[in-house]
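Biologist: I am new to this structure. Please take one helix and look at it closely, then set it in the whole chain.

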Amino acid sequence: MDDQQGFAIAVDEAKIGYAEGGVPIGAALVSRDGKLLGRGHNMRVQNGSAIHHGETAALENSGRLPASAYKGATMFTTLSPCDMCTGACILYGISRVVIGENKSFLGGEAYLKQRGVEVVVLDNKECQGLMESFIKEKPEVWNEDIGEEARVYSKEAK
């Protein structure tokens, strides 16, 4: 499986999450020899979960694997990974993270690089469009997903 195929799986997962009413972030974990280990999408809304992000879903769906399975693996994700997902990639020794876009949210890319992980940002317009639509439609859910307080806007606020 090449990068284009791995990334396409992540985008498909993001679209599934969006269709379910969830945050449209998808991920796919591919081994160094090109085998799909796991795929998933953000399920915080659907499952009422505090930690079920796209990357953690892909890891969860990989099942219990030996540490060697993650060495040299690539995590494909449609959005720059948050601190939790960045940490999961580092914990499991994932050596490469391919990111669809980082305009909607800039996660732990610098820390990944500092820890020796190769980071590739694709600036993918489809991923940007999905996130822009979701953030516009459900800003309170987006703020919750990234750990921010919802902002209340009113005519009385100055």
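Modeller: Here is one helix, followed by the chain around it. This is a predicted model, where local features need pLDDT of at least 70 and side-chain atom pairs count only at pLDDT 80 or more, while totals for chains, interfaces and linings use all residues. Residues are numbered from 1 along each chain as its sequence is written, and side-chain values use heavy atoms, with hydrogens and water left out.

The helix is α5, residues 83-91. Helices (H or I, at least four residues) and strands (E, at least two) are DSSP runs, numbered from the N terminus. In α5, C85, T86, A88, C89 and I90 are buried. Buried means under 20% relative accessible area, with a 1.4 Å probe and protein chains only. What do the buried residues of α5 pack against? They pack against two helices, α3 (54-62) and α6 (109-114), and two strands, β3 (74-79) and β4 (96-101). Contact here means heavy atoms within 4.5 Å. After α5 comes G93, and its phi is positive, near 70°.

Now the whole chain. It holds 8 helices and 5 strands. Their order along the sequence is α-β-β-α-α-α-β-α-β-α-β-α-α. The radius of gyration is 15 Å, close to the 15 Å of the globule rule for 158 residues, so the chain is as compact as a globular protein of that length. That radius is taken over C-alpha atoms, and the rule is 2.2 Å times the number of residues to the power 0.38. Of the 158 residues, 48% count as buried. Among contacts between residues at least 6 apart in sequence, 52% join residues at least 24 apart.

Methods
Buried means under 20% relative accessible area, exposed over 50%, partly exposed in between (1.4 Å probe, protein chains only).
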